[in-house]
Amino acid sequence: MPLRSAPLPRMAGQLSFMRAQTKAICDVRPGDLAVLGIPFEDTSAPYAGQSLAPRALRETSVYFGWHANPQFSHPVDIDARQDISTDGLHERLCDLGDISLGSEDTCHAALKSATSQISCNGACGIILGGSDPLSETVSGALPECQTVQLGGTPSDTRDFHIAPLPNGGGTTCSLDTTAQLAAFSEWRDASIPLFVRFDLSVFETSLSALCDRPRLGGLDLDTVMQWLSTLGQHEVSAIMLTGLNPNRPGMGVVKVGQRLMVTALLAFIYARLGFGIDHPGRLTSKENVLT
Amino acid sequence: MTAAITTFHPPLAQPGYRLFDGPLRDVTDAHADQIGVVGMPSDWTHSSRLGTRFGPEALRKATTLLQSMRPQGASFDPDTSRRTASATDWLIDCGDAEITAQDVDATTEAIAAMTEGLTIAGAIPLALGGDHYNSYPACLGYSRGLAKRAPNVRFGYIQIDGHLDFSDRLGAWGSHNHATNARRISELPNIDVSNMVWVGIAGWVDGGDLALIEEQGGRVFSAGDVHKLGAAEVMRQALAHAMQGCDELYLSIDIDAMDAGYLPGTGSIVHSGITPRQYYDLLDGLAEAPLGGLDIVEVSPPLDPSERTEFLAAEMLFRVLRRFRTRSVAVA
């Protein structure tokens, strides 16, 4: 049953991702989308604050928790005029909370263990980082996965890189999405699941002031949503969000980065749950289109 | 040394900022075809990120600092090849309405009384928000004033916004808040939903609200439409739709239709992709429209430490008021 609670103010009450139900990790079921926070950062970032990202992402996600709002009928993608039923969302989206912080080694071990358990349960982890190196830990917990990386610095040539950061004379961002989608299809081995690394640096910096690694020539929101919607239609063991620093000096009140990431992530979640969304601006399901 | 004091600006007789550095006057001083400014420093009807109560002051400051309106003399407007006119010729600033934080009805009536008085006088009320709820009392006063000044005249409505604001209620905030202002305006006696147009809507909206608008003949242009059709064409179609059978237009400018990457200082940010240039093109399309009243809302200075938000918003006003600010002598 969809949650139809009293119309609390959106920011009140227990904070969970999109107002999803909370669960223990042992209760995660096959097909679930399990949100896990890792409020931890190493010293690689130029500014402290990425450990605050999981909370910031959850706070922003509440705006999209309309399945928990009894006064909201149902979302419509205004560009595609696509009517989306979210009734199944609450059954399959759950929030496991954050990993308890300890020493660096303890954090990495706990993250690796949790990732493995979510994957073994047949669910898809939505891991809210945290700094980018944590992705290596998640990747290590999912050795059977192919890795797709949106933004960030390329670390493995076997991975598929979408708009990577310039890497010291190497490849710069390619904006030919059609060609990249074709290359992705060729690269993809559908017999094994995906691990998706989603770093805020995939976006053009002018769209987000909260990225520690600014870049020119990044992607716009529509293109990132197109990618995440595509990826969400594959079997995915985990998607990890990194690179958001809600505490950039002087910018603590500017919540653009988290809004950008959660808006894009929604395309992945809807695609993963089979809600039929492709990406804004494209009609995919005539029977769902409002006239 | 005393004489030097007279070179100060603004004059000491009028401390504080006024919109476009215009004169501070009472509502009763307004006359026809003049902009009458009303501040609405209230964000008590916003449900999440506050700060728009500081919007009117920030807008007044930013418009005053626009170089083309400085007292050193009129400047050249390259878009119209005309000289700008001093705001003294076309605008009065009537100060702020009395805001009662705990009483939305009292606030509503205080704002409406000012915009009603301006409308009856034949002036064009320009209300400075404040969160977007305040658009309703501003339009309410305009509607009442219009009914007295021209009883048979109906008005069209264009709302540039990232959101529909057409909900009937919003959680604990009930029926009068920043998500219901357009719905309340649609219930006024001298407007039909079929003359209401939304421009710049982004992302996911409430399907029930959208269906209700379109079933009644209202028109919604998404941010995607602005990108596909172009801002000028969207506004041309929007204006044509809104003005069917109407003599005047009420314009509500919610700055949050602009992409949050450019404009983060607002309560409900969206990533619409709408650039400042596109937003200005939308407003350029209304520069010659038969404006009866307008408001600009959701400027929240505390949410943008760079302060660019209020300057982008000031430029929006600069655009839409072009007919007034450049109506003086053409450049030889």
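Student: At what angle do helix α2 (residues 104-120) and helix α3 (residues 135-149) of chain B pack?
Tutor: This is a predicted model. In it, the axes of α2(B) and α3(B) lie 7 Å apart. The angle at which the two helices pack is about 40°.

Student: Are α2(B) and α3(B) oblique or roughly parallel to each other?
Tutor: Their angle is about 40°. Angles under 35 degrees count as roughly parallel, and 65 to 115 as roughly perpendicular. The angle of α2(B) and α3(B) falls in neither range, so the two helices are oblique.

Student: Is the crossing of α2(B) and α3(B) left-handed or right-handed?
Tutor: Residues in α2(B) that meet α3(B) include B:Ile111, B:Thr115 and B:Leu118. On the α3(B) side, B:Leu140, B:Gly141 and B:Arg144 are among them. The crossing of these helices is right-handed.

Student: Within what arc do the buried residues of helix α5 (residues 207-215) of chain B fall?
Tutor: The buried residues of α5(B) are B:Gly207, B:Asp209, B:Leu210 and B:Ile213. Seen down the axis of α5(B), they line one face of the helix, because they fall within an arc of 165°.

Student: Which strands of chain A help to cover the buried residues of α5(B)?
Tutor: The cover includes β8 (204-206) and β9 (219-222) of chain B. Chain A contributes to the cover as well, with β3 (75-77) and β4 (82-83).

Student: Which residue with a positive phi follows α5(B)?
Tutor: The helix covers residues 207-215 of chain B. The phi in question is near 95°, and the residue is B:Gly217.

Student: Which helix gives the largest share of the largest nonpolar core?
Tutor: This core has 177 residues, and A:Ala34, A:Val224, B:Ile158 and B:Val199 touch the most other members. The largest share is twelve residues, and it comes from helix α7 (residues 256-272) of chain A.

Student: Is A:Leu228 buried or exposed?
Tutor: A:Leu228 is found in helix α6 (residues 221-232) of chain A. Beyond its neighbours within four places in sequence, it is in contact with A:Ala264, A:Leu265, A:Ala267 and A:Phe268. A residue needs 20 or more C-beta neighbours within 10 Å to count as buried. A:Leu228 has 26 inside that distance, so it is buried.

Student: What percentage of the residues in chain A are buried?
Tutor: The secondary structure of chain A comes to seven helices and ten strands. Of the 291 residues in chain A, the buried part is 52%.

Note on methods: Residues numbered from 1 in each chain as written. Chains lettered and ligands numbered in written order. Predicted model: local features only at pLDDT ≥ 70, side-chain atom pairs only at ≥ 80, totals over all residues. Helix = DSSP H or I, 4+ residues; strand = E, 2+ residues; numbered from the N terminus. Buried ≥ 20, exposed ≤ 12 C-beta atoms within 10 Å, placed from the backbone. Contact = placed C-beta atoms within 7 Å. Arc of directions from axis to C-beta. Core = buried A, V, L, I, M, F, W, Y, C linked by C-beta atoms within 7 Å. Axes fitted to C-alpha atoms, helices over the stretch in contact; angles between N-to-C directions. Parallel < 35°, antiparallel > 145°, perpendicular 65-115°, else oblique. Left-handed = near helix turned anticlockwise from the far one by under 90°.
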